[in-house]
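Let's take a walk through this model, one piece at a time. Keep the 3D view open and turn it as you read.

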Amino acid sequence: MSIVYHQSFFAMNTRCNVVLPGMEETNANYIFHSLKDEAVRTESILSRFLPESEISKINRLAFGEPVKISNEVYSILKTCQNYFSISNGAFDVTLYPLIKYWNEKESRHPQISEFRNIVRDTGMGHITLNDDEKSVSFGNENIEIDLGGFGKGYALEKMNRLLNNFAVENAFISFGESSVLTVGSHPAGDCWKVGVNNCLIPGSSHI
């Protein structure tokens, strides 16, 4: 049986498992650390929890004045803006204040007016992206970008490019079991099988 390299690391507040079958350990270890470095780099830019990240800087300053940002983050925000539009607002990276309100509602005895004010002040319609200046500005002080629904998928996309650059034929990467990347086939020769939890029937899944 061929060697199956398996290693994991912690990033983006979860564990990322990497499986690289049929690969010499030294090469697999080098690729693993390259993947880890890319995930950590992505987190350092996109995490709102890290004070020095570009997203944290935007959240602190973008209401007062336009903030010039890197081409990478600008492209990410344009992508998020596009998905906000085509999903009719279902995908929205400004919902953190609303999520926080919802999680704390039992202890705060909230009023319906408070809820309406938060809804009014969220939405990517309150974010302005300037293509010429590569800058971002907020329309009100309550806007806060949270890329929790985007970051892991983006990190996996960057990691997939690394796998392609290394000509990796078979790989499995699971980011906290919520975001999964598969390449090629399972060591047994079949496809990689992934279970998806059925949200309508908790505890059951589809493969």
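**A small tour, starting at a sheet**

Keep in mind that this is a predicted model. A good place to begin is the pairing of strand 3 with strand 5 (residues 135-138): the two run antiparallel and are joined by two bridges. In one of these pairings, Val-67 stands opposite Val-136 of strand 5. Lys-68 has Ser-135 in strand 5 as its bridge partner.

Now look at the other pairing of strand 5. Strand 4 pairs with strand 5 in the antiparallel sense too, over four bridges. Here Ser-135 turns up again, this time as the bridge partner of Asn-130. The connection is a hairpin, with four residues between strand 4 and strand 5. In that turn sits Lys-134, whose phi is positive at about 55 degrees.

Put the pieces together and you have an open sheet of three strands, in the order 3-5-4, with antiparallel pairing. Strand 3 (67-68) and strand 4 (127-130) are the edge strands, and each has a single partner strand, so one side of each is left without a neighbour in the sheet.

What about the side chains of strand 5: which way do they point, and are they buried or exposed? Ser-135 and Ser-137 point one way, Val-136 and Phe-138 point the other way, and all are buried. That fits the usual pattern, because side chains in a regular strand alternate between the two faces of the sheet.

Next, the helices around this sheet. Helix 3 (residues 71-86) lies across strand 4 and strand 5, and runs at about 130 degrees to strand 4. Helix 2 (residues 54-61) has its own set of buried residues, namely Glu-54, Ile-55, Ser-56, Ile-58 and Asn-59. Among the elements covering those buried residues are helix 1 (25-46), helix 3 and strand 5.

Time for a word on cysteines. How many disulfides does a search of the whole structure find? The search comes back with zero. As for burial, Cys-16 has a relative accessible area of 0%, so Cys-16 is buried. Cys-80 also comes out at a relative accessible area of 0%, so Cys-80 is buried. The cut-off behind that word is a relative accessible area under 20%.

From there, move over to the largest pocket, which holds about 310 Å³ of space. Helix 1 and helix 6 (151-165) are the elements that give two or more residues to the lining of this pocket. Helix 1 gives the most, with three residues. The lining has 14 residues in total, and those nearest the centre of the pocket are Met-12, Ser-47, Phe-49, Leu-147 and Gly-148.

Finish close to the start of the chain. Ile-3 is found in the segment before strand 1 (4-11). Is Ile-3 buried or exposed? Its relative accessibility is 58%, so Ile-3 counts as exposed, the cut-off for that being over 50%. Even so, Ile-3 has partners further along the chain: leaving aside neighbours within four places in sequence, Ile-3 is in contact with Leu-20, Pro-21, Gly-22 and Met-23. You can also check the spacing between Ile-3 and Glu-25, which are 22 residues apart along the chain, with 8.3 Å between their C-alpha atoms.

Note on methods: Residues numbered from 1 in each chain as written. Predicted model: local features only at pLDDT ≥ 70, side-chain atom pairs only at ≥ 80, totals over all residues. Heavy atoms only, no water. Pairing = 2+ DSSP bridges. Contact = heavy atoms within 4.5 Å. Axes fitted to C-alpha atoms, helices over the stretch in contact; angles between N-to-C directions. Disulfide = S-S within 2.5 Å. Buried < 20%, exposed > 50% of the residue type's maximum accessible area, 1.4 Å probe, protein only. 1 Å grid on protein atoms, 1.4 Å probe; cavity = no way out; pocket = protein on both sides within 12 Å on 5 of 7 lines; lining within 4 Å. Points joined across faces, edges and corners; volume = space filled by probe spheres on them.
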